[in-house]
Amino acid sequence: MKRRVILGISGASGASIGLRIAQILGGMVDVELHLVLTSASRRTIAHEAGPQALGRLIDIADHFHSDGDIGATIASGSFRTAGMIVAPCSMRSLAAIASGFTDNLLTRAADVQLKERRRLVLLARETPLHLGHLRNMVSVTEMGAIVMPPVAAFYRNPMSVDELVSDIAARAVDLLGLCDTPLIAEWQG
Ligand SMILES: Cc1cc2nc3c(=O)[nH]c(=O)nc-3n(C[C@H](O)[C@H](O)[C@H](O)COP(=O)(O)O)c2cc1C
């Protein structure tokens with residue numbers, strides 16, 4: 001059976017990272033990709049990645065879920081998954097996940113990963129951060145999520161924005177622990 005992975009994209013800046021993660025997961029033959037977008041993300045995807053990006057994303061996914069479809073498969077813990085990445089994760093979605101306020105399918109699916117003790121990786125994106133943002137990051141970490149702000153690894157000397165985006169995306173996928181061989185090459189010292 002293919003491993004089911006959920007990718008949630010919210011309305012924070014960094015839509016191209018979500019798109020790149022979709023491309024990586026979509027290229028894995030043994031992964032079934034479930035995609036859920038918030039309504040705010042439709043705007044950031046179009047603004048940051050262009051008008052065709054939304055269609056490209058939906059084409060990559062094996063299953064595309066509307067954020068209002070609270071009866072979708074991924075809304076239930078009985079639907080087994082290998083985990084979920086939210087990339088990028090807005091401060092609104094982070095706050096909703098931190099408080100268990102499951103007001104749409106993305107936050108509900110994230111809540112399910114936590115209650116079922118599955119891997120949840122949140123690419124929480126805002127800067128600067130106020131104390132409420134930081135407290136929400138602490139709360140989700142205490143509940144078992146991994147907060148991975150999409151911060152550049154400058155020591156790898158990225159030559160372009162595309163390289164930087166690909167590096168962050170690969171690190172997020174590696175955190176799911178799907179592959180025996182990590183996507184990110186080991187630092188050789
Ligand atoms: C161009 C643009 C960039 C944004 N960037 C961020 C951001 O980096 N972080 C954030 O928390 N919200 C950001 N927002 C605001 C969110 O889209 C907004 O709070 C929205 O309600 C989030 O809803 P969602 O979590 O359901 O996607 C941005 C909005 C726009 C239009």
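Buried means under 20% relative accessible area, exposed over 50%, and partly exposed in between, with a 1.4 Å probe and protein chains only. This is a predicted model, in which local features need pLDDT of at least 70, side-chain atom pairs count only at pLDDT 80 or more, and totals for chains, interfaces and linings use all residues. Residues are numbered from 1 along each chain as its sequence is written, and side-chain values use heavy atoms, leaving out hydrogens and water.

Helices (H or I, at least four residues) and strands (E, at least two) are DSSP runs, numbered from the N terminus. Strand E4 covers residues 84-89, and 6 of its 6 residues are buried. In a regular strand the side chains alternate between the two faces of the sheet. On one side of E4 lie Met 84, Val 86 and Pro 88, on the other Ile 85, Ala 87 and Cys 89, and all are buried.

Two strands pair if DSSP finds at least two bridges between them. The table gives the pairings of E4.

| Partner strand | Sense | Bridges |
|---|---|---|
| E1 (residues 3-9) | parallel | 3 bridges |
| E5 (residues 120-124) | parallel | 4 bridges |

Leu 7 has Ile 85 in E4 as its bridge partner, and Cys 89 has Ala 124 in E5.

Helix H1 (residues 15-26) and helix H3 (residues 53-60) have axes that come within 9 Å and cross at roughly 25 degrees. Axes are lines fitted to C-alpha atoms, for helices over the stretch in contact, and angles run from 0 to 180 degrees between N-to-C directions. H1 and H3 are therefore roughly parallel to each other (angles under 35 degrees; over 145 is roughly antiparallel, 65 to 115 roughly perpendicular, the rest oblique).
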